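Student: Before I rely on the labels attached to a model, I would like to see how each one is reached. Could we go through some of them together, setting each value against its rule?

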Amino acid sequence: MANSHSTALDLQYLDTALTLAAQAGDVLLGGLGRSLIIETKSETTDLVTRFDREAEALIVEGLRARYPHHRILAEEGGERAGDPDAPCWIIDPLDGTTNFAHGLPVFSVSIACQVAGQVRVGVVYAPAMGWRFAAVRGRGATLNGRPIGVSQIATLDRAMLSTGFPYDRRSSQQNNFAQFIAFKRRAQGIRRFGSAAIDLSLVACGRLDGYWEMKLKPWDIAAGLLLCEEAGGQVSSWSGGPAELGRGEVLATNRLLHEPMLDVLRNVTQPL
Ligand code: IPD
Ligand code: CA
Ligand code: CA
């Protein structure tokens, strides 16, 4: 349970995250639909644009100005050192770069603040959708300022799920294809939105009933996992252990579907 001092700090960090996510969202909206120079990272499916970098620079500068001793872990620039015991900001300046590069509006800015190893604040802002998700540990989750909660769907055959596929899917057999087929046989529908932060946010607000994915990075999921937990959902690894930021695999559900989805994941043994 947070004391009043840390609650006040959490709210201050939330305010910072909301402000910087809004500013970064404006940068991204300025680039949406423009013809972009698109670079690839290690895999030809893993893209980066100048807007990923500009949005990240804006957020990092904003944090440095406010909290010069805090640590930062951001996708494009990696880790920036600070005081070892200080909070760590975990940032994906543009989650959904492939959508963005194709002019599709499903992308987000994800900002989380971790204090003493625990994520306490999370913001996922999808500017082109007009969705601003926020959560503070112990204080619930909101969408555009209104409280949100997970869905009540209790069976997979009535469930809307989502997932994603790793960038090394062409070369690795650990590619989520077999799991996708197993869920496709059982669920009412499966969507692939292309932003893990949005997938998790949509579970939090009850529009999706469950989401699973593998080979994710801390910045993809740090804010979204807190949103799910604070909205009454359940998060774990694919074997039911804790959902760790460094582990890559995530299952997030409305709680009612957690065991049924774990059951499917545990029973997929053959990569395709
Ligand atoms: C990606 C998105 C996508 C997920 C990938 C992520 P990026 O992040 O979240 O939905 O399937 O695994 O890497 O590269 O657009 O920031
Ligand atoms: Ca990402
Ligand atoms: Ca990104």
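The dialogue that follows takes up helix packing, burial, a metal site, aromatic pairs and one loop residue.

Tutor: Please keep in mind throughout that this is a predicted model.

Student: Why are H5 and H6 called roughly parallel?

Tutor: The axes of H5 (residues 196-204) and H6 (residues 218-230) come within 8 Å and cross at roughly 0°. Angles under 35 degrees count as roughly parallel, and H5 and H6 are therefore given that label.

Student: Which residues make the contact between H5 and H6?

Tutor: On the H5 side they are Ala196, Ala197, Leu200, Ser201, Val203 and Ala204, while H6 contributes Asp220, Ile221, Gly224, Leu225, Leu227 and Cys228. Sorted by class, the contact of H5 with H6 has 9 nonpolar, 2 polar and 1 charged residues.

Student: How do you know whether H5 is enclosed or open?

Tutor: Buried means under 20% relative accessible area, and 9 of the 9 residues of H5 are buried, so H5 is largely enclosed by the rest of the structure. Among these buried residues are Ile198, Asp199 and Leu202. Just after H5, Gly206 takes a positive phi of about 80°.

Student: What makes Asp92, Asp95 and Asp220 donors of the calcium ion (ligand 2)?

Tutor: For calcium, a donor atom has to lie within 3.2 Å of the metal, and the OD atoms of Asp92, Asp95 and Asp220 lie 2.1 to 2.2 Å from the calcium ion (ligand 2). These three aspartates therefore count as donors under that cut-off. Their spacing in sequence is D-x2-D-x124-D.

Student: What is the relation between the calcium ion (ligand 2) and the calcium ion (ligand 3)?

Tutor: The two ions are 3.7 Å apart, and Asp92 coordinates both. Distant parts of the chain are linked here, since Asp92 belongs to strand S5 (residues 88-95) and Asp220 to helix H6, 128 residues apart. Both Asp92 and Asp220 are buried.

Student: Why is the pair of Tyr67 and Trp89 called stacked?

Tutor: Ring centres must lie within 6.5 Å for a pair, and planes under 30 degrees apart count as stacked. Tyr67 and Trp89 are 5.9 Å centre to centre with 15° between the planes, so both conditions are met. Tyr67 lies in the loop between helix H2 (50-66) and strand S3 (71-74) and Trp89 in strand S5, so the pair ties together parts that are 22 residues apart in sequence. Tyr67 and Trp89 are both buried, and together with Tyr13 they form one aromatic cluster.

Student: What makes the pair of Trp131 and Phe133 edge-to-face?

Tutor: The label requires planes over 60 degrees apart, and Trp131 and Phe133 have 70° between the planes, at 6.3 Å centre to centre, so the pair is edge-to-face. Trp131 has a relative accessible area of 16% and Phe133 has 1%; buried means under 20%, so each of them is buried.

Student: Why is Ala154 called partly exposed?

Tutor: The relative accessible area of Ala154 is 43%, which falls between the 20% limit for buried and the 50% limit for exposed, so partly exposed is the label. Ala154 is placed in the loop between strand S10 (146-147) and strand S11 (160-163). Setting aside residues up to four places away in sequence, Ala154 touches Leu256 and Leu257.

Note on methods. Residues numbered from 1 in each chain as written. Chains lettered and ligands numbered in written order. Predicted model: local features only at pLDDT ≥ 70, side-chain atom pairs only at ≥ 80, totals over all residues. Heavy atoms only, no water. Axes fitted to C-alpha atoms, helices over the stretch in contact; angles between N-to-C directions. Helix = DSSP H or I, 4+ residues; strand = E, 2+ residues; numbered from the N terminus. Parallel < 35°, antiparallel > 145°, perpendicular 65-115°, else oblique. Contact = heavy atoms within 4.5 Å. Nonpolar A, V, L, I, M, F, W, Y, C, P; charged D, E, K, R; others polar. Donors = N, O, S within 2.8 Å, 3.2 Å for Na, K, Ca; no water. Buried < 20%, exposed > 50% of the residue type's maximum accessible area, 1.4 Å probe, protein only. Phe/Tyr/Trp six-rings, centres within 6.5 Å; stacked < 30°, edge-to-face > 60°.
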